[in-house]
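Biologist: Hey, I'm new to this one. Can you put it up on the screen and walk me through it?

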Amino acid sequence: GINAEYGLFGSSRLSPTFSLLDSFLFSFLFSFFSSSFPFSSVRRLEILLPISFLTSVKSKLFSQWAQLIFGMENRASLMRLIHLMNRTSNLGFVEMLSHVVDQAEHDALSTALVNVSAPANRTLPLIHSLINSEFNRAAEGKGTIMRNNSVASKVMGNYCRRIGKDYLRLVFAEFVHSVIDDPDLSFEIDPNLIPEDKKEDVIHRNAAALESKAEQVFQRMVSPQINANMPREVRAIAGFIANNCKQRNYDDQIGPLVGGFLMLRFFNPSLITPESYGFLQKGRVPPPHARRNLILLTKVMQNLSNGIPFGGKESWMVPMNPFIERHKEEMKRYFIEVSTDPLVKAGELGWQDCINPDPLEVPFYGLGTKDLNVLHRIVYNYKSKLVENFSDFGELLGIID
């Protein structure tokens, strides 16, 4: 779950480990600025190092490390905040934070939470906690669980996009190219978007093409050989959802909720924006007609995952209902299979290694300043609400000034 990053001089590395050059340079700068020499300042660098060297690296260097070097006390407080937030006992704080922030903050908060929890191997426990909270707070009934763009949903999508790109390319890349590379292929069956001339024939032909491609996608998804490559982390999230359903006797919601997660947060985004998942060469995007084809395909797959036939506002999609009826039971079985821990032994609870993984120690330089600042800002801005409603987290809130 940790993405490749680059050192100050472009050397590839995996966070939180420095490149060798970064380690040396940082150690030098840290000891340099913390020494007792009477004029430890940026000016001192200009005295000791060549101007040409400073000119080439100063902008990049100070943009990445200025806050780390000159704001050690503040960063130490932020790192203590993250350390405490990543404790299992404090995951309730993150749950509560996710419910008090305005929707406008959801994207920034979810991205920061994934970025600071992944290096510590705490993202899955965080997601498990957020999913439990979603079920606990579904006051309007089981039909409202995970039905909006909550922080929980966005954290799940963000994390799965990071760890699942290789798998998604395996499943869909070849198929996406077959759609994009065919300029004559059309899945359009909306009569309002088809010329009157031979409308009925065009709809019939395009519906057949859409159903054929949907069949290919479905068979690819449920293939045992393909399914064996699905990241365990993605399956664990599906398992967290299914286990919550079972514990509350919501067995009839396992398919819709697991399907909603897999389709809305994992599969469909990669089909609609394949350029964001590495399916296409850099700089290439699907042309408008191909994008429309992919959108129509995701509509079919989404309704299949819900087991709901088309009608009402999208009555023009009714020609796809036989496909949905033909595969909805197999799709349910697929969701149950995906959400079942293949490593669990009889009598044991599944996914325990994902709920309680071994934590990793993250050095203070292992996290991005941007993410720390986002979390500090959000917690600070909502501190009054958190203090008012969640006083049990005084140790955490006391860090934020």
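Modeller: Sure. Keep in mind that this is a predicted model. A good place to begin is the largest nonpolar core, which has 100 residues; F172, M221, L262, F267, M301 and Y334 are the ones that touch the most other members.

Biologist: Which helix gives the largest share of this core?

Modeller: That's helix 10, with 10 residues in the core.

Biologist: Let's zoom in on F267. What does F267 touch?

Modeller: Leaving out residues up to four places away in sequence, F267 touches Y167, L168, F172, M221, M230, L262 and Y334.

Biologist: Okay, stepping back. How many helices and strands are in the chain?

Modeller: The chain has 19 helices and two strands. It runs to 401 residues, and 49% of them are buried.

Biologist: And what share of the contacts with a separation of 6 or more comes from residues 24 or more positions apart?

Modeller: Those account for 71% of them.

Biologist: Back to helices. How do helix 13 and helix 14 sit relative to each other, roughly parallel or antiparallel?

Modeller: Helix 13 covers residues 254-272 and helix 14 covers residues 288-306; their axes come within 9 Å and cross at roughly 170°. Angles over 145 degrees count as roughly antiparallel, so helix 13 is roughly antiparallel to helix 14.

Biologist: Which residues meet there?

Modeller: On the helix 13 side you have G255, P256, G259, G260, M263, L264, N268, L271 and I272. Across from them, helix 14 brings R291, L294, I295, L297, T298, M301, Q302, S305 and N306. By type, the contact divides into nine nonpolar, eight polar and one charged. M301 may ring a bell, since M301 is also one of the core residues that touch the most other members.

Biologist: What comes after helix 14 in the loop to helix 15? I'm looking at W316.

Modeller: Yes, W316 is in the loop between helix 14 and helix 15. W316 counts as buried, because its relative accessibility is 17% and the cut-off for buried is under 20%.

Biologist: What does W316 touch?

Modeller: Not counting residues up to four places away in sequence, W316 touches I189, D190, P191, R292 and L296. Then there's E188, 128 residues from W316 along the chain, with a C-alpha separation of 10.0 Å between the two.

Biologist: New topic: backbone oddities. Which residues other than glycine have a positive phi?

Modeller: Two to look at are K198, with phi near 60°, and W351, with phi near 65°.

Biologist: Where are they, and is each one buried or exposed?

Modeller: K198 lies in the loop between helix 9 (165-180) and helix 10 (199-222), and K198 is exposed at 57% relative accessible area. W351 is in the loop between helix 15 (321-339) and helix 16 (352-355); W351 is buried, with a relative accessible area of 1%.

Biologist: Is helix 5 mostly covered or mostly exposed?

Modeller: Mostly covered: helix 5 spans residues 91-100, and eight of its 10 residues are buried. Those are L91, F93, V94, E95, M96, L97, S98 and V100.

Biologist: Last one, on cysteines. How many disulfides does a search of the whole structure find?

Modeller: Zero. As for individual cysteines, C245 is buried with a relative accessible area of 0%, and C354 also counts as buried, at 5% relative accessibility.

Note on methods: Residues numbered from 1 in each chain as written. Predicted model: local features only at pLDDT ≥ 70, side-chain atom pairs only at ≥ 80, totals over all residues. Heavy atoms only, no water. Disulfide = S-S within 2.5 Å. Buried < 20%, exposed > 50% of the residue type's maximum accessible area, 1.4 Å probe, protein only. Helix = DSSP H or I, 4+ residues; strand = E, 2+ residues; numbered from the N terminus. Axes fitted to C-alpha atoms, helices over the stretch in contact; angles between N-to-C directions. Parallel < 35°, antiparallel > 145°, perpendicular 65-115°, else oblique. Contact = heavy atoms within 4.5 Å. Nonpolar A, V, L, I, M, F, W, Y, C, P; charged D, E, K, R; others polar. Core = buried A, V, L, I, M, F, W, Y, C linked by side-chain atoms within 4.5 Å.
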